[in-house]
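The following explanation moves from a single residue in a helix to a set of paired strands and then to a second helix. The reader is invited to keep the structure in view throughout.

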Amino acid sequence: MAYRVGVDIGGTFADFCAFDEAAGTIGTVKVLTTPDRPGQEVIDGLKALEDRFGISPGDISYFTHGTTVGINSIIMRKGIRLALFTTENFCDVLELARLKMPDPYHLLSSRPEPLVTRDLVFGVTERMLADGSIDCPLDPDSLRTAVAAAKARGAEGVVISFLHSYRNPAHEREAKRLIAEIAPDLHVFCSHEVRPIIREYERTSTAVIHGYVQPRVAQYLGALQTALSGIGVTPEPMITKSNGGIMSVEIGKTACVEMLLSGTAAGVMGAAFVAREAGEDRILSLDIGGTSADVALITGGQPGYGMNEVVGDFPIFVPTVSVTSIGEGGGSIARIDAAGMLTVGPDSAGSTPGPAAYGRGGTQATITDAFVTLGLLDLSALGYGMVSVDRAKAVEVIQPLADRLGTSLEQTAEGIVGIAVSGMFREVSKLCSRRGIDVGEFSLLAFGGGGPMMACFLARDLGMKRVIVPPRPACCRRLAG
């Protein structure tokens, strides 16, 4: 027997879907992620497939994998501490960006803090002209000074983005070689290697995003390979790309910017398949996991594609499925900010400890806890019995917020849900305005662990009349590769 196995590992759960190529049947299981032991969730999930369906690792003929480890690192700002080396006098590239306000209709609109803070940006004496000729050679002493300053401020890696390196990368290559001699412990990323595009800000921003998540992604993919080979899975593991295609895990270790939207893009591709099967011509997909909510427009059974998608607060300039990620998933944490206002996300409780209602030691209120408190989430076991829901524990973490706000328990829980939905409403409205469409003419396709939980609230606010939920909503994306 041969099985095609698709796996998606999010911030809270890992979902496994096995397709029997001979019988045409599908089996699914769900396990908790193990962020402290990367790869262990794969072993746990494949063992669950064997226990439930008798599928042994040797029966697997194809293994594809979607992950949100990269995008979650950006949304929650949990990448490595980076320094940025630019051409001298061009240190403000990330702050200047394109000189556009993120939201021109918001009086208090401000740009997000870059992933590399200004104190870790250093100018290096060198200058390449637009035609690729050298105006000023690279000064090794200037580079050594920048490396010493970066290490003194705790940098774990360096992104090199010099002017016009897309035309002539000689200076970036030489700087990378010298840094390897001076500080071999630093991760080094060159903008021309990540994305050699002509615009300075776009090239720098994409390189920074790549460098911010690459060590964590590479470590995770290496652990995945080790886990699979250790239990006898022989096919080379594949990983879904941001453009909806696939590539080998080995390539993904060094080209992680190409798979940054891996799990989210796979979700959109799966939603497009469901839309075609359902005969739906216009779909808004809503994929909610533990950390983020991802929305995309699908017309004629086909997703859109773009080169300027936003990941968290930052644009990424690689070919991608057009999908918008919002830092509001089922595990997103609710808290009261310094101004006394209730806020939700982008931090997530993840799987360890997870929402308080899961009974795994969670001490912070989440969107899931709000749904449990309101009685809108079934109190039976979730995730094929992986977690049990305890309303008392959910109430225990939401009540302190209610006390501080001076509102009832139910009002506070409803407020958490309302804030999360309003954030999704805002981003969907922006998406539809950019495309010039009336979302009321679309159907909402909800999937992911939290999609069906919040779909009706969002559809009501958006004026959408139809909500579609697949039979296995948590596994809609798994075999899209």
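A residue is termed buried when its relative accessible area is under 20%, and exposed when that value is over 50%. The model considered here is a predicted one, and this cut-off can be applied to Val417. With a relative accessibility of 4%, Val417 falls under the limit and therefore counts as buried.

Val417 belongs to helix α12, which comprises residues 409–435. Which residues does Val417 contact, once its neighbours within four places in sequence are left aside? The contacts are made with Ala370, Phe371, Leu374, Met454 and Phe457. From Val417 one may turn to Asp294: the two residues are separated by 123 residues in sequence, and their C-alpha atoms lie 17 Å apart in space.

The next element to examine is strand β14, formed by residues 293–299. This strand is mostly covered, with six of its seven residues buried. Its pairings may be taken one at a time. Strand β13 (residues 282–288) pairs with β14 in the antiparallel sense, and seven bridges link the two. Within this pairing, Arg282 has Thr299 of β14 as its bridge partner. The connection from β13 to β14 is a hairpin of four residues.

Strand β14 is also antiparallel to strand β20 (residues 324–326), to which three bridges join it. Here Val295 is matched with Thr324, its bridge partner in β20.

A further antiparallel pairing, over two bridges, is made between β14 and strand β15 (residues 302–303). Thr299, already met as the bridge partner of Arg282, stands opposite Gln302 in β15. The hairpin of β14 and β15 has two residues between the strands, and in it Gly300 adopts a positive phi near 60 degrees.

The last element is helix α9, which runs over residues 262–278. How does its length compare with the span expected at 1.5 Å a residue? The expected span is 1.5 Å times one less than the number of residues, so the 17 residues of α9 should cover 24 Å; the C-alpha atoms at its ends are 24 Å apart, in agreement with that value.

The buried residues of α9 include Ser262, Gly263, Thr264, Ala265, Ala266, Gly267 and Val268. Further along the helix, Gly270, Ala271, Ala272 and Ala275 are buried as well. Just after α9 comes Gly279, whose phi is positive, at about 70 degrees.

Terms used. Residues are numbered from 1 along each chain as its sequence is written. This is a predicted model: local features need pLDDT of at least 70, side-chain atom pairs count only at pLDDT 80 or more; totals for chains, interfaces and linings use all residues. Side-chain values use heavy atoms; hydrogens and water are left out. Buried means under 20% relative accessible area, exposed over 50%, partly exposed in between (1.4 Å probe, protein chains only). Contact means heavy atoms within 4.5 Å. Two strands pair if DSSP finds at least two bridges between them.
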